[in-house]
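User: I am new to this structure. Please walk me through a few of its contacts.

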Amino acid sequence: MIASVNNKKNTYTDDFRDHLATLDDQGKRKWVFANKPSGKFYRLRTILSLGYFVVFFGLPFVYVNDRPLFLFNVIKAKFILFGKIFWPQDFFILGLGMIAFILFIILFTAAFGRLFCGWACPQTNFMEMMFRKVEYWIEGDAPKQKMLARQSWNSQKIFKKSVKHVLFFVLSFVIANFFIAYIIGIKELQQIITEPVGQHLSGFASILVFSGIFYGVYAHFREQACTVVCPYGRLQGVLLDKNSMVVAYDYKRGEPRGLAKKTAESFFGDCIDCHACVKVCPTGIDIRNGVQMECVGCTACIDACDNIMDKIGKPRGLIRYASENSIANGEQLRYTGRMKLYTALCGMVVLILSFILITRKDVDATIMRTPGILYQTRGTDSISNLYNIKVANKTTRQIPLTIQLEDKGGIIEIIGKPFIDVAKEGQGSGSFFVVLPANKLHRRKTNVKLVLYERSKKVGVINTSFLGPVSE
Ligand code: SF4
Ligand code: SF4
C-alpha cells in the first residue's frame with residue numbers, strides 16, 4: 001500500500017488513514033456523488049449485469065421434477081440446490097459444502113482479490129447497474145445531482161426526488177418479491193400475491209419488510225453496505241497479499257503526480273492529479289492511496305483514468321488490474337503459477353462438491369435394533385431380531401419401501417403392513433423382523449445386508465448386525 005503524495009512539497013502523507021472517505025470532520029456522513037463511469041469495463045459490466053438480472057429474476061421460475069432448482073427455505077430448514085433437496089439430516093453435506101465454499105472464497109480472493117465484489121455481488125450489481133442508472137436517468141450525472149441536493153425544495157426538485165424514490169421503492173418491491181421466492185418458492189409467492197391479503201398476512205408483511213430493507217439499502221445506506229457491514233469486505237485485510245490481483249494504481253508510473261508543462265522537462269509522472277478516478281468512485285475513495293478495504297473492485301476508476309490517458313496521449317493502464325508485486329517490479333499482471341494452483345484447487349473443491357451433490361441418494365434410511373431386545377427364538381430352527389427403520393424421502397414422489405435380505409436365506413417381516421410408506425419430501429418409519437435359520441448363525445453377532453427397494457428399484461443398502469444365541 002502506498003501513501004498519498006502532497007504534490008506541492010512532494011512529501012508523502014498517509015493522513016487518509018485517519019478518517020473514512022465518507023465522513024466529514026464532524027463525523028457526519030458525506031454523501032458520495034459518483035460520476036457516471038464510461039469505458040470498456042463499464043460497458044462489459046453493463047452487459048454482464050443484464051445477464052445477471054435475467055438469471056436472478058428467472059431462476060425462481062425454473063422447476064426440475066416439480067421442484068425449484070434452488071430454494072433456501074430457512075424457516076422450514078429445507079434447502080434445494082440444483083433440484084436436490086436437503087433436510088437437517090443432510091447437515092453433513094451442508095457442512096462439507098460450507099467448508100468447500102469458505103475454502104473456495106479464501107483461494108479465490110487470495111488470487112483474484114475482490115473480483116467477485118465488482119462483477120458478481122448482488123449488492124454491487126443492483127446498486128451500480130440498476131438503482132444508480134435510474135438515478136443518473138432522473139437526476140443527471142454527479143454535478144447535476146450535487147446541484148439538485150443543494151437547491152431549495154422547488155417544484156423541480158420535489159418532482160425529481162419523488163419520481164426517483166417511487167421508482168426506487170417499486171424496484172425494491174420487485175426485488176423483495178423475488179428474494180422471498182428464493183425462500184418459499186415462486187408458487188407460494190404467487191398464492192400470497194393472488195389470494196386475499198388476510199389469508200397470507202405474514203407473507204404479505206414479509207414482502208413489505210424486505211421491500212423497506214432493500215429500499216433503505218439502495219436509496220440511503222448504499223456504499224456503506226460494502227464498506228461497513230459486508231463481512232467479506234472486512235476479511236480482505238487477511239485474505240489479500242502482495243500477489244493478489246486488485247484494482248491498483250501504478251504509483252511507479254504515476255508519481256510524482258501533477259500536470260507537466262509541455263515545455264518543461266518532465267519532473268512529473270503520468271498521473272495529472274485530475275481526480276477523475278476519485279470522482280467516479282462509488283465508495284468515495286482515492287485508489288491512489290493504495291489497496292483499501294473500501295474498494296469494491298468496480299473498475300470505474302480504471303475506465304476514468306484510461307479516458308484521461310487517452311486524452312493526454314499516454315498509455316492506458318495507470319490504474320489497472322495488478323498485484324502490488326507486479327507494480328513494484330513494473331511488470332504486467334500475469335496468470336502466475338500461484339494463481340494457476342489456486343484455480344486448480346478451487347476447481348477441485350467445486351468438483352468434490354459436485355460429486356457429493358450428484359451421488360447423493362434420494363432415500364436416506366437409518367436402521368437400529370430395537371433397544372432392550374436381544375433376539376427371539378422362532379420355532380425350533382429360526383431366530384429373529386427386531387429392528388426400527390427411519391426413512392427420509394428426498395424425492396417428490398411417495399415411496400412404498402420394501403426391504404429384502406441379501407445372502408443369508410432368511411426373511412423380512414414388516415410389522416403391520418407389507419411395505420413402509422414414505423411421503424414425498426417427508427419421512428417414514430416402521431419396525432420389522434429379520435428372521436434367519438439358526439444354522440446360519442455361527443457366532444453371537446452376524447453381519448447382515450438389507451437392501452431397500454422402491455418397487456423393483458434398488459434405492460439403498462444397509463449393513464447391520466444380527467444377534468443370535470451362539471457364543472463366540
Ligand atoms: S484519473 Fe488517472 S490521472 Fe487522473 S488523478 Fe486518477 S490516476 Fe491520476
Ligand atoms: S477505487 Fe476504483 S475499483 Fe475501487 S471502488 Fe473506487 S472506483 Fe471502484
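User: Does E454 count as buried or exposed?

Analyst: This is a predicted model, where local features need pLDDT of at least 70, side-chain atom pairs count only at pLDDT 80 or more, and totals for chains, interfaces and linings use all residues. Residues are numbered from 1 along each chain as its sequence is written, chains are lettered from A and ligands numbered from 1 in the order in which they are written, and side-chain values use heavy atoms, with hydrogens and water left out. Buried means under 20% relative accessible area, exposed over 50%, partly exposed in between (1.4 Å probe, protein chains only). E454 has 7% relative accessibility, so E454 counts as buried.

User: Which residue forms a salt bridge with E454?

Analyst: A salt bridge is a side-chain nitrogen of Lys or Arg within 4 Å of a carboxyl oxygen of Asp or Glu. Here the closest N and O atoms are 2.9 Å apart. The partner of E454 is R397.

User: How many residues apart in sequence are the parts that R397 and E454 tie together?

Analyst: R397 lies in the loop between β12 and β13. E454 sits in strand β17. Strands (E, at least two residues) are DSSP runs, as are helices (H or I, at least four), numbered from the N terminus. The pair therefore ties together parts 57 residues apart.

User: Is R257, which pairs with E255, buried or exposed?

Analyst: E255 and R257 form a salt bridge, with closest N and O atoms 3.0 Å apart. E255 has a relative accessible area of 12% and is buried. R257 has 3%, so R257 is buried.
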